[in-house]
Structures are given as C-alpha cells and as structure tokens.
Amino acid sequence: MKVIHFKTSYLNLSETFIDRLVRNHVRFDPIITTAYKKQYTEGLKTYAMPKTGMWGLINRAQLSLNTSPAFLDTVIQKEKPAVIHGHFALDSYRLISVAQKNKIPLIVNFYGYDVTRLPNEFGWKSRYKKLIEKADHCIAGSMDMKKNLISLGFDESRIEIIKLGMDIESVKFEHRTNVESKLMMIGRMVEKKGFEYAIKATSILKKQGLPFQLDLYGDGPLSDSLKQLCRDLDVEAEVIFHGTTNNETIVKELYKHDCLLVPSVQSADGDREGIPQTIVEGMASGIPVIGSTHAGIPELVENKVTGLVVNERNAEELARSIQLLKENPELVATISTNARERVLQNHSIQKLVEKTELLYQKVIQNYKD
C-alpha cells in the first residue's frame, strides 16, 4: 500500500523528524508531494507542484486560496494511495478537498504552533472547524498537545499520540560524568525557544565567578536583539552565535559540550513547542539536558531522573541548575544513563513508524466500513 505525505515546503532543514518517518516505512510505500521541493527528497518518489504556464498558474492560485492544488489529484489518480498524511495543520487543510474528492482518509499531524498559535490567527477559526469535521484522524506529538487539540474541539477518540522518533541505535552514547564549562543551545531564534533566558543565566553565572561558554546554533528574527542583550549584559565573549547549522554538525557538537539547554516558553502569540527534537537527540547522545516546564518537555525530561527541569522564564533557576550539575558529578552520571534509556523506550523510530502504520491500517479499515 502507498501513503502520500504532503507538506507545502518539503522539507525545511530542521524537519529531520518528518524525513525519518518517511524513510523508515515498512508496510507502506511513501510518495512525497509538495509545492516547493527543498531538503531531504533524495531517493524518494517526489512530485512537486508545477510553477510555469497555465497549469502552474492554476496550481499556485489554488495554493494561495488554501485549497488543494490540482496536481495532487493527478498524483493520486496515478499512484492510488490508501491514505494521505498531512504534516502541520495549514498544509493538511489544503488536502481536505482532494481527500474528499478521491475518497481517501486524511490524517493530520500536528507539531506545535499549529495547535496553539495558528487557531487564533485571522480566518483560521472556521478552518479548524472544517479540519475537526473532515480529518479522519489526528496525530499529536505529546499528551500536552493532545489536551490542546481536545480543547479546540477535536474528538479525543480520533487523536493518537505518536512522538517524534529517531534511530536511537545509530546515535553514539557517550556516558557523561561531569559538567565543566561548555553549554549549548539549538533552535530557531524565536520567542518560544527561550534563548534570552540562557543568555541571562550565563550572565548570572559570570557575576558569581563561574564563567561558562554558551554556544548558540540557529538563526531567526530575534538574532539581532539577542546579540544586543549579550552586549547589555557584558557576555559577548561568553556567548557565541554560530548561525544556521546543519544537523550533522549539531550532532557532532553534542559530544563537544557539557550541557544542553532547552528553556522553552509560551510566546506572547500563544506559540508552543511539542517535544523539541533537540532534546531527544541530546538525551540519546548522553549529554545532560536542562529543559523547562513548558508543553510536552516534562513528559520526557523528568527532574533529576532524565534531566533537570526549571520553570519557564526563570533565568535564576536555570543558572542554579547549571551550577547543580557542575557540583554533582554523580547526578550527571545518573541523568546521562537514564536519559538514553528513556528515549530508547519512547522515541525509537522503529517503534513509532510501527505505531504510525498501525494507525494507517486502522483508519483505512474504518473508512471502508
């Protein structure tokens, strides 16, 4: 059987979690459909939306109106998929008409902002009502996300929790027994990632005579203001901005650092995380993680068991947690071991692909019935 995966831009550099699902299918053959072909399509059967001529004009107009681009209908007639898997709510909304027309079940995969921020944006209240009505099943990346979907009106019985997966066995585990002076943080420089609190924590530690180096990997709209914050707090020498960095390099850097900071927060516009993939990768590698009480993070990072957890927007608490790890090597050793075991249990890509494909089969059968 075949499954069509659709994302308007397939894929952004950071969206390795979707690529891992697609490339590890066992019972289903993946077909990639996209308006804009970007990363991670090598070796995959991929159909990109035409951009030129009258056919391209029609497809682009349909996409701008948030309806199904006509090329999808052509792909479906040729490939005859058993199910359509939409990634993110906006992209999935664009699949409703083509799924209905071809009588194919539609699964909507939510990831974070599309559960908390997008529903409040102009025009999307009515669109979510349509998604609630037309989606055959939904996938949430955490229990926190599922609760948010229920609050929006989605049927609890049609929401499956399937967390982001990775090939844990392919990630080398390096048991950590101490934290020295090298901290790191990864992500797009937007409010919900909480970069400012990591910078403020570094400043607090410096004032206490405990200088740390904080390496930031990523870029985004807050980059300039974060650099200004470093100047204001006199930590320009301690905080290093590395800009956009590919995943291969990020993985290598995990082994060169002592602690991974993930102090995520709910942004002013309501945007929230699911369970950040950087946490899964970090815990698999053995680096101790300090996360926040935000969204689904505590579902994976259990305080003093698989990591440390601090309250949102609390730089002082974050600084104390970094110092706690530095002063307690036995805690670092325990966390490092437990974290690896936790992600093996909960985030193995093989287990999560199996769970996803069982959901496909269930939805297909229910649709026939």
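## A residue to start with

Is S142 buried or exposed? In this predicted model, S142 is buried, since its relative accessible area is 1% and the cut-off for burial is under 20%. You will find S142 in the loop that runs between strand 8 (137-140) and helix 8 (143-152). Leaving aside residues up to four places away in sequence, S142 touches I161, I275, G296 and E299.

## The overall picture

Let us step back to the whole chain. The protein has 15 helices and 15 strands. For 369 residues, a compact globule would have a radius of gyration near 21 Å, and the protein agrees with that, because its own value is 21 Å. Along the principal axes, the C-alpha atoms fill a box of roughly 65 × 40 × 40 Å.

Of the 369 residues, 57% are buried. Among contacts with a separation of 6 or more, 70% are between residues 24 or more positions apart. The exposed area of the protein is about 15,700 Å², and carbon and sulfur atoms supply 49% of it. As for charge, there are 49 positive and 46 negative side chains, and the centres of these two sets lie 6 Å apart.

## Helix 1 and its aromatic partner

Helix 1 covers residues 16-23, and seven of its eight residues are buried. Those buried residues are T16, F17, I18, D19, R20, L21 and V22. Just ahead of this helix is a backbone feature worth a look: a cis peptide bond joins Y10 and L11, with omega about -10°. L11 belongs to the loop between strand 2 (9-10) and helix 1.

The model contains eight aromatic pairs. One of them joins F17 and Y111: the ring centres are 5.3 Å apart and the planes meet at 45°, so this pair counts as tilted. The two residues are 94 residues apart, with F17 in helix 1 and Y111 in the loop between strand 7 (106-109) and helix 6 (113-116), and the pair links these distant parts of the chain. F17 counts as buried because its relative accessibility is 13%. Y111 is buried too, with a relative accessible area of 14%.

## An edge-to-face pair and a cluster

Now for another aromatic pair. Y93 and W124 meet edge-to-face, at 5.5 Å centre to centre and with 65° between their planes. Y93 lies in helix 4 (residues 89-93) and W124 in helix 7 (residues 124-134), so their pairing ties together parts 31 residues apart in sequence. Both Y93 and W124 are buried.

These two rings also have company: Y93, F110, W124, Y128 and F154 form one aromatic cluster.

## Two residues with positive phi

Which residues other than glycine have a positive phi? N66 is one of them, with phi near 60°. N66 sits in the loop between helix 2 (53-64) and helix 3 (70-79). This residue is buried, because the relative accessible area of N66 is 12%.

F88 also has a positive phi, near 80°. Its place is the loop between strand 6 (83-87) and helix 4, the helix that holds Y93. F88 is buried, as its relative accessible area is 9%.

Note on methods:
Residues numbered from 1 in each chain as written. Heavy atoms only, no water. Helix = DSSP H or I, 4+ residues; strand = E, 2+ residues; numbered from the N terminus. Rg over C-alpha atoms; globule rule 2.2 N^0.38 Å. Buried < 20%, exposed > 50% of the residue type's maximum accessible area, 1.4 Å probe, protein only. Contact = heavy atoms within 4.5 Å. Areas by Shrake-Rupley, 256 points an atom, 1.4 Å probe, with all protein chains shown as cover. Lys, Arg positive; Asp, Glu negative; His and termini not counted. Charge placed at Lys NZ, Arg CZ, Asp CG, Glu CD. Phe/Tyr/Trp six-rings, centres within 6.5 Å; stacked < 30°, edge-to-face > 60°.
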